[in-house]
Amino acid sequence: MSLVKSRRPQWILLAAAVVLMGWAVSPAAGGPTESMVTMTDGTRLAVDVYLPENRAAKLPAIFVSTPYNKSGVKGFADGFLSRGYALVVADIRGRFKSEGNDAIIFHHHGWAKNHDGHDLLRWIAAQEWSNGRVGSYGGSAVGITQNMQAPGAPECLQAQYVEVAFSDMYSQCAYQGGCFRQCLLEGWLKATQMDPENLASFVAHPNKDAFWAELDPESQAARVNAPGVYVGGWYDIFVQGTINSFTSIQQQGEPGARGRCRLVLGPWAHGTFDELTYPPNSERRHVKAADHYRWFDALLKDTDNGVAQDRPVHYYVMGDPTDKEAPGNYWRAAADWPPPAEATAFFFHADGKLTRQPPTSAGTSRSYRYDPGNPVHTIGGQNLLIPKGPMDQRRIEEREDVLLFTSDLLAEPLEVTGRITARLFVSSDCPDTDFTVKLCDVYPDGRSMLVTDGILRARHRVSLASEDFLTPGEVYELAVDLWSTSLVFARGHRLRVAVSSSNSPRFEPNPNTGHAFRADKEQRVATNTLHLAADRASHIELPIYRGPEDREP
């Protein structure tokens, strides 16, 4: 049985992982012991075990499973070893020194035919140095492996610390709103030199069919018995997955996990951004619930350190970071997610206004031509391999295929916290097309800073699992999910919503033909219409916060 050749991870991905996971960069004390551990199907995975020097008793273990090379964890081993933990790190199937094939990535680590995560957990608990208590740790792909192994895991898994990971691969990583996340998924697979079978398989399943069922850990929340801390960022590629992991397991998990999880959300992206800089209080060190050592000490060592009394939810309420007098820019603690909020409609008007008053006229609409050969370029947002975070949208807002709707100057601050949905009435002269929606914070100097955005492929307006094509000229109502945020729009700012049909290369442009995904290279230019009449009042629903202040001390 031959070993797969080592694949060199891209420096940018590892650098992002180091930043997001808070890894130290000091050398580990001593070297690890490497083992080849046999999985249920006979495949052997490479595992490193780090043990503290002069250990006098059996130890709890921290488990990390990675596609990025297990030797990369040496920089943070000391932190766990000095606190009396063993550290166990595995190359997942088909990566670096582990046997097998990495296709389909993450699938082998879950609850399917191969369940490598469960096999490795049992192996850890059976070691002579182990006391049978294991916690899992890691971010991004290393957080995804945790989410995959959690359902039905052996009872030795007693705590998780999951950063920036999806809870459902189809809707959050591969086909958000039914649209292919080209730059994220295809770019990541190629940058990490995954087996080409991965991309071919994902492209072959553009609908949420049975293929994706075993890559959907959120659907298995009721089988998770280990409580977790779920850490994410408002501009992270998987922010909604972080939230969904927390809410589904907190509410539906087995008794060991239900009601015992934590959620931490900050003004962060999957890596750094620089067009806005939030104040130093935005760093995670200011939130006790984000301290992974503290979490593991409580769950794996029964240390009475206050974890049991922590509020379940901790999130950063963003504001204008360029104005010291502006409201927001502080942490809030809460009992649950979502926070109390009033869903408030802001309506789009033909003159470009965005107001709480619905339109009163009949037959009003605005149209634009969407050419997939000349798509709207991605500027910021929830990206991985391209510039990310809150970026100024003005250079693309001037395009004729971008419809803008802007509020008057705000007389009072307005806090939006929770999940955001745009409800559009649309028609097209093509059988299929996309609709994008962006929410922006317009600063007094004119900058239009992206807050969050979403997209929906028209053929998936009814269901992500099926296709319902458009009849040219017929009007349809559809809902575009912009995921979640928490932001105070300051007095003197404006709210802006931008509606269009492309956001490339973040999403692969829709060719508007209605043909099967990537079946050919044919393209059509679509004339898309957004209806704005009294009986077809397109609008965005914003969750206006109505809860207590509850600031973190």
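In this predicted model, strand 11 (residues 313-317) and strand 12 run antiparallel and are joined by 5 bridges. Within this pairing, Val 313 has Ala 334 of strand 12 opposite it. Helices (H or I, at least four residues) and strands (E, at least two) are DSSP runs, numbered from the N terminus, and two strands count as paired if DSSP finds at least two bridges between them. Residue numbers start from 1 along each chain as its sequence is written, and side-chain values use heavy atoms, with hydrogens and water left out. Local features need pLDDT of at least 70 and side-chain atom pairs count only at pLDDT 80 or more, while totals for chains, interfaces and linings use all residues.

Strands 11 and 12 belong to an open sheet of 10 strands with mixed pairing, in the order 1-2-4-3-5-6-9-10-11-12. At its edges lie strand 1 (33-38) and strand 12 (330-334), each of which pairs on one side only. On average, neighbouring strands of this sheet are turned by 25° against each other, direction ignored; axes here are lines fitted to C-alpha atoms, for helices over the stretch in contact, and angles run from 0 to 180 degrees between N-to-C directions.

Two helices that pack on this sheet can now be placed. Helix 2 (residues 74-81) touches strand 2 (44-50), strand 3 (59-66), strand 4 (86-91) and strand 5 (130-139), and its direction makes about 150° with that of strand 4. Helix 4 touches strand 3, strand 5, strand 6 (157-163) and strand 9 (228-235), at about 130° to the direction of strand 5. Helix 4 (residues 141-149) is largely enclosed by the rest of the structure, because 9 of its 9 residues are buried, where buried means under 20% relative accessible area (1.4 Å probe, protein chains only). Among these buried residues are Gly 143, Thr 145, Gln 146 and Asn 147.

A further set of pairings involves strand 13 (residues 341-348), which is joined to strand 24 (residues 539-545) by 7 bridges in an antiparallel arrangement. Here Thr 344 has Leu 542 as its bridge partner. Strand 13 is also antiparallel to strand 14 (residues 354-355), through 2 bridges, and Phe 348 stands opposite Leu 354. Strands 13 and 14 form a hairpin with 5 residues between them, and Gly 352 in the turn has a positive phi of about 90°.

Phe 348 appears again in the largest nonpolar core, which has 128 residues; Leu 87, Phe 106, Met 169, Phe 296, Phe 348 and Leu 424 touch the most other members. Such a core is a set of buried Ala, Val, Leu, Ile, Met, Phe, Trp, Tyr and Cys residues joined through side-chain atoms within 4.5 Å. Strand 20 (residues 476-489) supplies the largest share of this core, 7 residues. A second, separate core of 19 residues includes Leu 45, Val 47, Val 49 and Ala 226. Beyond four places in sequence, Met 169 is in contact (heavy atoms within 4.5 Å) with residues including Phe 106, Phe 202 and Trp 212.

As for the cysteines, the whole structure holds 0 disulfides, a disulfide being a pair of cysteine sulfur atoms within 2.5 Å. The sulfur of Cys 156 lies 17 Å from the closest cysteine sulfur, in Cys 261, too far for a bond. Cys 156 counts as buried at 7% relative accessibility. For Cys 179, also buried, at 0%, the closest cysteine sulfur is 14 Å away, in Cys 173, again too far for a bond.

Technical notes. Buried < 20%, exposed > 50% of the residue type's maximum accessible area, 1.4 Å probe, protein only.
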